[in-house]
Amino acid sequence: MASTTRLATYAPNDVTIVVTQESTGMSHIIGGFSEDAIVTIDRNADTFTLYTGADNTNTRIYNANTSGTITLSLQQTSASNDILMGLYEQDRTSRNGLFSIRVVDNSGRSGYFSEEAYIGVVPGS
């Protein structure tokens, strides 16, 4: 039986990103994305690494590290910048600014979640 491939559709306006901080009761839907991009998500480590021995035998090494980096692309005028900067400042001064983040592509099958997110890099202006 022949395989049929359907044309997929990606709708950037169907991507929902929500940050929530239970300790303060804050929940915010990120908005005001830049024209070029919305979000990129990258793993911090490969799931498997190939190890080749001196005798040319191969083994793949499993890495249990599932951490990653989420990069949001926002307009300078986005109100979400203020929310994210507030989370960053709270964490920088109190070391207690962890929050959860959920990224869902409602037009596709992708979904990402972290219970312990933090802002590691603040972009320049």
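**Helix H1 and its surroundings**

Arg95, the residue that follows helix H1, has a positive phi, near 60°. The model described here is predicted, and this residue offers a convenient point from which to look back along the helix.

Helix H1 comprises 15 residues, residues 80-94. At 1.5 Å a residue, a helix of this length should span 21 Å, and the end C-alpha atoms of H1 are indeed 21 Å apart, so the expected and modelled spans agree.

The buried residues of H1 are Ser80, Leu84, Leu87 and Asp91. Because these residues cover an arc of only 55° around the axis, they lie on the same side of the helix. Their cover includes four strands: E1 (15-21), E2 (26-29), E6 and E7 (99-105). The face of H1 turned away from this buried side carries Asp82 and Thr93, both of which are exposed.

H1 also contains a charged pair. Side chains of opposite charge can pair when their charged atoms come close. Here the side chains of Glu89 and Arg92 form a salt bridge, with a nitrogen-to-oxygen distance of 2.8 Å. The structure holds 1 salt bridge. Glu89 and Arg92 are 3 residues apart in the helix, and therefore about one helical turn separates them. Glu89 has a relative accessibility of 31% and so counts as partly exposed; Arg92, at 43%, is likewise classed as partly exposed.

Strand E6, which forms part of the cover over the buried residues of H1, spans residues 68-72 and includes Ile70. With a relative accessibility of 33%, Ile70 counts as partly exposed, since that class lies between the limits of 20% and 50%. Ile70 also contributes to the surface: together with Ile41 and Tyr112, Ile70 makes a nonpolar patch of about 230 Å².

The final region to consider is strand E8, residues 111-117, in which Phe113 is found. The relative accessible area of Phe113 is 45%, and this residue is therefore partly exposed. When neighbours within four places in sequence are left aside, Phe113 is in contact with Ser100, Ile101 and Arg102. Strand E7, which covers residues 99-105, is also among the elements that cover the buried residues of H1. Asn56, by contrast, lies 39 Å from Phe113 in space, C-alpha to C-alpha, with their positions 57 residues apart in sequence numbering.

Terms used: Residues are numbered from 1 along each chain as its sequence is written. This is a predicted model: local features need pLDDT of at least 70, side-chain atom pairs count only at pLDDT 80 or more; totals for chains, interfaces and linings use all residues. Side-chain values use heavy atoms; hydrogens and water are left out. Patches are made of residues with over 30% relative accessible area and no salt bridge: like charges are joined within 9 Å, nonpolar side chains (Val, Leu, Ile, Met, Phe, Trp, Tyr) within 5 Å. Accessible areas come from the Shrake-Rupley method with a 1.4 Å probe; for residues, only the protein chains shown count as cover. A salt bridge is a side-chain nitrogen of Lys or Arg within 4 Å of a carboxyl oxygen of Asp or Glu. Helices (H or I, at least four residues) and strands (E, at least two) are DSSP runs, numbered from the N terminus. Buried means under 20% relative accessible area, exposed over 50%, partly exposed in between (1.4 Å probe, protein chains only). The expected span of a helix is 1.5 Å times one less than its number of residues. The arc is that of the directions from the helix axis to the C-beta atoms. Contact means heavy atoms within 4.5 Å.
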